[in-house]
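Trainee: Could you take one part of this structure and walk me through it closely? I'd like to know what sits around it, too.

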Amino acid sequence: MSQTEETASRPPPRSILFLCGRNSIRSPMAELLARKNLPATTFVTSAGVKPGERDPFVDKVLAEENLSLGERMPQRFEELEDSYFDLIITLSPEAHHRAMELTRTHAVEVEYWPTFDPSVVEGTRDQILAAYRELREYLKDNIARRFSGS
């Protein structure tokens, strides 16, 4: 059995944290996509390792999936009410480094999903939106693959 098959055949973790740089693009998008696809009994949240600001392109591409962040604003890991998770999925190198520091003292499973930051894309509005949509689809695919047994 491959590692992918092994992780997909396990029940979903009870709590998942998506961690990225500023919690303004990748991790909030992953949080909402995971909530949509995982059982309601799975607690899913997201955070960043640095302060961030809300990104309007995230709202646009999530709305295309009938999802909304509502009034939610980016939050740093230190601002979370609970810092224990069964699984931390990191979406940027700096987030992965931070998660590895945390797991020195906690028994937490950490997975690194190298994820492109669409905010670096320049061009027309349509080109920028295409990059954000590509990220959304990448995250949807990874979530579906990782948690397909759910």
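Mentor: Let's start at phenylalanine 18, whose bridge partner in S2 is serine 46. This is a predicted model, so local features need pLDDT of at least 70 and side-chain atom pairs pLDDT 80 or more, while totals for chains, interfaces and linings use all residues. Numbering runs from 1 along each chain as its sequence is written, and side-chain values use heavy atoms, with hydrogens and water left out.

Zoom out a little from that bridge. Strand S1, residues 15-20, is joined to S2 by 6 bridges, and the two run parallel. (Helices, H or I with at least four residues, and strands, E with at least two, are DSSP runs numbered from the N terminus.) At another point along these strands, serine 15 stands opposite phenylalanine 43 in S2; keep phenylalanine 43 in mind, as we'll come back to this residue.

Now, how covered is this part? For S1, 6 of its 6 residues are buried (under 20% relative accessible area, with exposed over 50% and partly exposed in between, using a 1.4 Å probe and protein chains only). Ser15, Leu17 and Leu19 are buried on one side of S1, and Ile16, Phe18 and Cys20 on the other, so both faces are covered. Next door, S2 is mostly covered as well, with 5 of its 6 residues buried.

Both strands belong to an open sheet of 4 strands, in the order S2-S1-S3-S4 with parallel pairing (two strands pair if DSSP finds at least two bridges between them). S2 and strand S4 (109-112) are the edge strands, each pairing on one side only. From one strand to the next, the twist averages 20 degrees.

What lies across S1 and S2? That's helix H2, residues 26-37, which runs at about 175 degrees to S2 (axes are lines fitted to C-alpha atoms, for helices over the stretch in contact, and angles run from 0 to 180 degrees between N-to-C directions). H2 also packs with H5, at an angle of about 45 degrees and with the axes 10 Å apart. On the H2 side of that packing you'll find Arg26, Met29, Ala30, Leu33, Ala34 and Asn37, and on the H5 side Tyr132, Leu135, Arg136, Leu139, Lys140 and Ile143. Contact here means heavy atoms within 4.5 Å.

Back to phenylalanine 43, as promised, by way of the rings. The whole structure holds 3 aromatic pairs. One of them is phenylalanine 43 with phenylalanine 85, which are stacked at 6.4 Å centre to centre, with 15 degrees between the planes. (Rings of Phe, Tyr and Trp, its six-membered ring, pair with centres within 6.5 Å; planes under 30 degrees apart are stacked, over 60 edge-to-face and the rest tilted.) This pair links distant parts of the chain, 42 residues apart: phenylalanine 43 is in strand S2 (residues 43-48), while phenylalanine 85 is in the loop between helix H3 (56-63) and strand S3 (87-90). Phenylalanine 43 is partly exposed, at 46% relative accessibility, whereas phenylalanine 85 is buried, at 2%. Then there's the pair of phenylalanine 57 and tyrosine 132, tilted at 5.2 Å centre to centre and 40 degrees between the planes. Here the two parts of the chain are 75 residues apart, with phenylalanine 57 in helix H3 and tyrosine 132 in helix H5 (residues 125-146). Tyrosine 132 is buried, with a relative accessible area of 2%.

Serine 46, where we began, also gets a visitor. Apart from its neighbours within four places in sequence, arginine 72 is in contact with Asn23, Pro28, Glu31, Ser46 and Arg54. Arginine 72 sits in the loop between H3 and S3. From isoleucine 89, arginine 72 is 17 residues away in sequence and 20 Å away in space, C-alpha to C-alpha.

Among those contacts, take a look at asparagine 23, in the loop between S1 and H2. Its phi is near 55 degrees, a positive value in a residue other than glycine. With 1% relative accessibility, asparagine 23 counts as buried. Asparagine 66 also has a positive phi, about 60 degrees, although it is not a glycine. Asparagine 66 belongs to the loop between H3 and S3, and at 74% relative accessibility this residue is exposed.
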